[in-house]
Amino acid sequence: MESYRLTATQALSKFRDGSLTVEDYARSLLTRIEKRDATVQAWAHLDPDYVIQQAKQLDLVPPERRGPLHGVAVAVKDIMYTKDMPTQHNSPIYEGDEPKVDAASIITLRHAGALILGKTTTTEFASTTAGPKTRNPHDPTRTPGGSSSGSAAAVADFQAPIGLGTQTGGSTIRPGSFNGIYAFKPTWNAVSREGLKIYSLILDTIGFFARSVEDLQLLADVFALEDDAPTSDFSVKGSRFAVMKTMVWPLAGPRTVAALDAGAKLLREHGAEVEEIELPSEFDLLPEWHRIVLHSDGRPTFLPEYRVAKDKLSPFLADHVENSCKISRALQLEAFDGIAALRPKIDEIAGRYAAILTPSVVGEAPVGLESTGSPAFNAIWTALHTPVVNIPGFEGENGMPVGLSLVGPRYHDKHLLAVSKAVGRIFESEGGW
């Protein structure tokens, strides 16, 4: 196997046994990127010489001093500060800007020995729906999703084993589904957002892309995600799952409908008890409340850019500052408090099951780069702060991947990953994609 195709866990094994150097690994990834970049265009900044410089330095680290991510290449969404690379937010306001400081997540990754490969594309400030230049590696005429477009596409195309993204609506889970890879949105604020361009403090969550759940579990350890109860091996057989269509089910396309049916059927065939449930009616306002929070938090977030460079700011974001939707403070508080009241209630519901199975997307990745797709099936879980994992395995009308989400209670991240590992094996091998 070419080393660029290795998962993070596989690469670490080869570094440990001496069969692969970080430099050779980095050169393999760079060759892959050079071959595919004109098609996928996942990178906002990539300096091959600097990548090799980092790799050589990592190869000099004695085995006893190597971190848990020693040599593993990581693609970083270009809204996170990196002291040795530009952070431009896909905005002309910050073109060429180099803050000379690392975000908390990057500090953690470097300390663990990661190789920071480069910065990946995003929609403007990870806040708009118009796609960047990046294309879906499975069909370049289609979007890879967003706003974490480049990180998801790079991981799916074997240009990096790990990608960092963020989610305010559906910006981690949706690209995971569109690109046919695993995507993990942890519990809100479980990973520090210091050094990240904020859209909404109440919603923004750092997330991860990988081609295996083992790699997501590795990242969970690096970022010290801990449940109260110890996590043990999980078996689908004898476990209880909920299937939840949610209040946005009318938006589901035919292949998402088929995927949810197939996912539930596969779980039953493997010995699980599967129960279809509905959210109580008090959850019906969640999509609207999410929209209100998004627009309300966007007002102070983009005020500085609005004041100094309104002509370079997306009209959508300028509208936030100008409160074009005429959202009153009373409506804002109703949304804030209404969502907060529902969080312990969804914890109780989700806690009755191994996980909730629910759609990740409306359908497969749409054609064109004008839109990164709908976050309809993701936004409510973002607002509720629950951990979510996209599980690949199902197929759309045009042969593109369609994923399903597993959802757990807040701060049950490691349990959810254990469940996802077992379910992922089934969906990947029997889901049809």
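Leaving aside its neighbours within four places in sequence, which residues is E305 in contact with? In this predicted model, E305 is part of helix α10, which covers residues 303–309, and the residues it touches beyond those sequence neighbours are I93, Y94, F125, K197, K310 and L313. Because a residue is called buried when its relative accessible area is under 20%, E305, with a relative accessibility of 3%, counts as buried.

From this helix residue we can turn to a strand, β2, which is made up of residues 73–77. Five of its five residues are buried, so β2 is largely enclosed by the rest of the structure. In a regular strand, side chains alternate between the two faces of the sheet. Looking at β2 with this in mind, one finds that A73, A75 and K77 point one way while V74 and V76 point the other way, and that all of them are buried.

What, then, does β2 pair with? One partner is strand β3, residues 115–120, which runs parallel to β2 and is joined to it by five bridges; within this pairing, A75 of β2 stands opposite G118 of β3. Another partner is strand β4, residues 162–167, also parallel to β2 and joined to it by three bridges, and here V76 has L164 as its bridge partner.

The link between β2 and β3 can also be followed through a helix, since β2, helix α4 (residues 104–111) and β3 together make a β-α-β unit, and this unit is right-handed.

Key
Residues are numbered from 1 along each chain as its sequence is written. This is a predicted model: local features need pLDDT of at least 70, side-chain atom pairs count only at pLDDT 80 or more; totals for chains, interfaces and linings use all residues. Side-chain values use heavy atoms; hydrogens and water are left out. Buried means under 20% relative accessible area, exposed over 50%, partly exposed in between (1.4 Å probe, protein chains only). Helices (H or I, at least four residues) and strands (E, at least two) are DSSP runs, numbered from the N terminus. Two strands pair if DSSP finds at least two bridges between them. A crossover is right-handed if, with the strands pointing away from the viewer, the path from the first strand over the helix to the second runs clockwise. Contact means heavy atoms within 4.5 Å.
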